[in-house]
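Colleague: I've got the fold open on my screen and a handful of things I'd like to go through. Can you walk me through it, one question at a time?

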Amino acid sequence: MALQKLVIYRVRNLEQVSINPAAKINLIYGNNASGKSSVLEAIHLLGRASSFRSTTIKNVIHFAHNDLVISGHVRFSNEHVSTLGIKHDGKNLQIRIDQENRHSRSELAYALPIQLIHPKSYQLLDAGPQLRREFLDWGIFNQHPDFLENWRHFKKALTHRNALLKIRSVKELNVWDHELQQYGTIVANYRKQYLTELSPFFFNIAQQFLMLENLELKLIQGWDDESLLLDKLAEDQEKDLRYGFTHSGPHRADFQLLINSRKVKDFVSRGQLKLLMLSLKLAQVEHLLQTGFTSGCILIDDAVAELDFSSRTKLLEFLTAMNTQVFLTATEQNEFGDLQEIGEYKMFHVEHGVVTEV
Ligand SMILES: Nc1ncnc2c1ncn2[C@@H]1O[C@H](COP(=O)(O)OP(=O)(O)OP(=O)(O)O)[C@@H](O)[C@H]1O
Ligand SMILES: [Mg+2]
């Protein structure tokens with residue numbers, strides 16, 4: 001699928017933007033503070049109804065105005081075109097899909113899956129586990145329609161259990177222990193299966209960018225692999241009551257990237273770490289494509305900045321060969337890599353919030 005038309009009103013410094021992106025590679029360049037990231041932010045808002053820079057959409061609205069509107073036409077591989085739109089007036093969010101009001105962000109997320117790669121993504125492999133759990137769950141969410149429901153049940157059970165632990169109400173714990181066991185195990189199994197399926201895609205891509213052998217992705221499910229979550233919860237109960245939270249479960253899940261059993265983040269260079277993160281993110285999209293799911297758009301903000309010219313060119317070549325739509329930003333045209341190597345692309349220049357196709 002591809003975003004065919006994108007119309008943005010009053011997002012950051014973009015008062016009014018209307019572009020027809022290419023189905024594959026879109027290169028967006030312009031000076032600092034011209035509005036490049038804001039264009040990607042608008043696409044992200046359209047697909048996720050959330051910003052990747054602000055916790056509230058209110059901050060994204062142009063200072064001089066009271067609302068923002070973003071709409072887009074999404075063409076699917078079967079030629080069907082869907083119209084997506086969101087509007088935020090500082091308080092309320094309105095979502096429209098094919099001229100109908102919708103109430104859930106997940107519907108939008110299924111209609112326009114967004115794979116985001118931006119400066120913060122570099123923490124994927126060396127910051128805390130939250131980003132890695134989100135990484136796994138994004139992939140599973142896009143492939144298994146029932147995952148979200150199970151994940152929500154698991155979160156609900158965890159929230160209730162933690163609330164009871166805080167007030168030391170032991171009697172009711174049992175009910176939530178069972179819920180947590182049931183849905184927590186489903187979530188953990190999905191993650192295990194997903195990482196196993198993703199691994200060959202990741203190894204293949206990483207090999208194209210880096211000379212690293214014997215890579216291994218290892219899941220940590222959040223409690224020891226051999227025991228049932230229910231048994232672990234019973235075993236931990238005293239400790240959980242003492243500290244007022246649940247020590248074991250899928251909320252403690254993580255994964256590690258290893259080479260010969262050593263954690264990669266402890267010895268690779270910064271550039272290598274970037275390429276590994278990029279490989280993981282691209283592997284997710286490739287996995288979706290190969291398994292016949294909607295792959296969505298890849299947004300790459302400032303991401304090529306620290307890569308050497310040959311890595312940038314390799315990345316461009318790889319993205320061109322991939323059957324998916326990509327938006328990349330950089331401050332200069334020549335930062336993208338060797339454009340001779342890629343066939344079809346569109347280039348957009350951004351200046352003081354005005355976007356023009358070059
Ligand atoms: N709510 C807002 N209303 C109007 N302008 C805003 C708002 N929020 C941010 N801006 C301004 O929008 C401009 C564009 O920001 P943006 O981050 O998109 O630039 P950029 O082209 O990505 O720059 P860089 O190359 O530095 O990453 C900045 O000048 C910023 O201060
Ligand atoms: Mg930027």
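Colleague: Which stretches of the protein chain make up domain 1 and domain 2?

Modeller: Keep in mind that this is a predicted model. The chain is divided into two parts, and domain 2 covers 121-293. Domain 1 comes in two pieces, so to speak, listed as 1-113 + 294-358.

Colleague: And how many Å apart are the C-alpha centres of the two domains?

Modeller: The two domains do touch: 15 residues of domain 1 are in contact with 15 residues of domain 2. As for their C-alpha centres, the separation is 28 Å.

Colleague: Which helix gives the most to the side of domain 1 that touches domain 2?

Modeller: By class, that side of domain 1 has 6 nonpolar, 6 polar and 3 charged residues. The top contributor puts in 4 residues and spans 309-321, and that is helix α8.

Colleague: That helix also turns up in a β-α-β unit. What is the handedness of the unit made by β12, α8 and β13?

Modeller: Start with the strands: β12 (residues 297-300) and β13 (residues 325-330) pair in the parallel sense over 4 bridges. One of the matched pairs is Cys 297 with Gln 325 in β13. With α8 included, the β-α-β unit is right-handed.

Colleague: Sticking with β12, are its residues Cys 297, Ile 298, Leu 299 and Ile 300 buried or exposed?

Modeller: In a regular strand, side chains alternate between the two faces of the sheet. Here Cys 297 and Leu 299 point one way, while Ile 298 and Ile 300 point the other way. Whichever way they point, these four residues are all buried.

Colleague: What's the bridge partner of Ile 117 in β12?

Modeller: Strand β8 (residues 114-117) runs parallel to β12, and 4 bridges join them. Ile 117 is found at a bridge to β12, where its partner is Ile 300.

Colleague: Now β3. How many of its 5 residues are buried?

Modeller: Strand β3 takes in residues 25-29. On one side sit Ile 25, Leu 27 and Tyr 29, on the other Asn 26 and Ile 28, and both faces are covered. The strand is mostly covered, and the count of buried residues is 5 of 5.

Colleague: Which residue of β14 is the bridge partner of Asn 26?

Modeller: β3 pairs with β13 through 5 bridges, running parallel, and there Ile 28 stands opposite Thr 329. Another 5 bridges join β3 to strand β14 (residues 345-351), also parallel. In β14, Asn 26 is partnered by Lys 346.

Colleague: There's another sheet, β9-β10-β11. Why is one side of β9 and of β11 left without a neighbour?

Modeller: The three strands form an open sheet in that order, with antiparallel pairing. β10 (residues 254-259) and β11 pair over 2 bridges, and Leu 258 stands opposite Lys 263 in β11. β9 (215-220) and β11 (262-263) each have a single partner strand, so one side of each is free because they stand at the edges.

Colleague: Which residues are closest to ligand 1?

Modeller: The shell around ligand 1 holds 15 residues. By class there are 3 nonpolar, 9 polar and 3 charged ones. The closest are Asn 13, Asn 32, Ala 33, Ser 37 and Ser 38.

Colleague: Is Ala 49 buried or exposed?

Modeller: Most residues other than glycine have a negative phi. Ala 49 has a positive phi of about 55 degrees, and its place is the loop between α1 (36-48) and β4 (68-75). It has 21 C-beta neighbours inside 10 Å and the cut-off is 20 or more, so Ala 49 counts as buried.

Colleague: How about Arg 168, buried or exposed?

Modeller: Arg 168 has a positive phi too, near 55 degrees. Arg 168 is in the loop between α4 (147-166) and α5. Because there are 10 other C-beta atoms within 10 Å, Arg 168 is exposed.

Colleague: Last one: what separates the C-alpha atoms of Glu 197 and Gln 284?

Modeller: Glu 197 is in helix α5 (residues 173-209), and with 15 C-beta neighbours inside 10 Å it counts as partly exposed. Glu 197 and Gln 284 are 87 residues apart along the chain, and their C-alpha atoms are separated by 9.8 Å.

Terms used. Residues are numbered from 1 along each chain as its sequence is written. Chains are lettered from A and ligands numbered from 1 in the order in which they are written. This is a predicted model: local features need pLDDT of at least 70, side-chain atom pairs count only at pLDDT 80 or more; totals for chains, interfaces and linings use all residues. A residue is near a molecule or strand if its C-beta atom, placed from the backbone, lies within 6 Å of it. Ala, Val, Leu, Ile, Met, Phe, Trp, Tyr, Cys and Pro count as nonpolar, Asp, Glu, Lys and Arg as charged, and the others, Gly among them, as polar. Domain bounds come from an automatic or database domain assignment. Two residues are in contact if their C-beta atoms, placed from the backbone, lie within 7 Å. A residue is buried if 20 or more other C-beta atoms lie within 10 Å of its own, exposed if 12 or fewer, and partly exposed in between; C-beta atoms are placed from the backbone. Two strands pair if DSSP finds at least two bridges between them. A crossover is right-handed if, with the strands pointing away from the viewer, the path from the first strand over the helix to the second runs clockwise.
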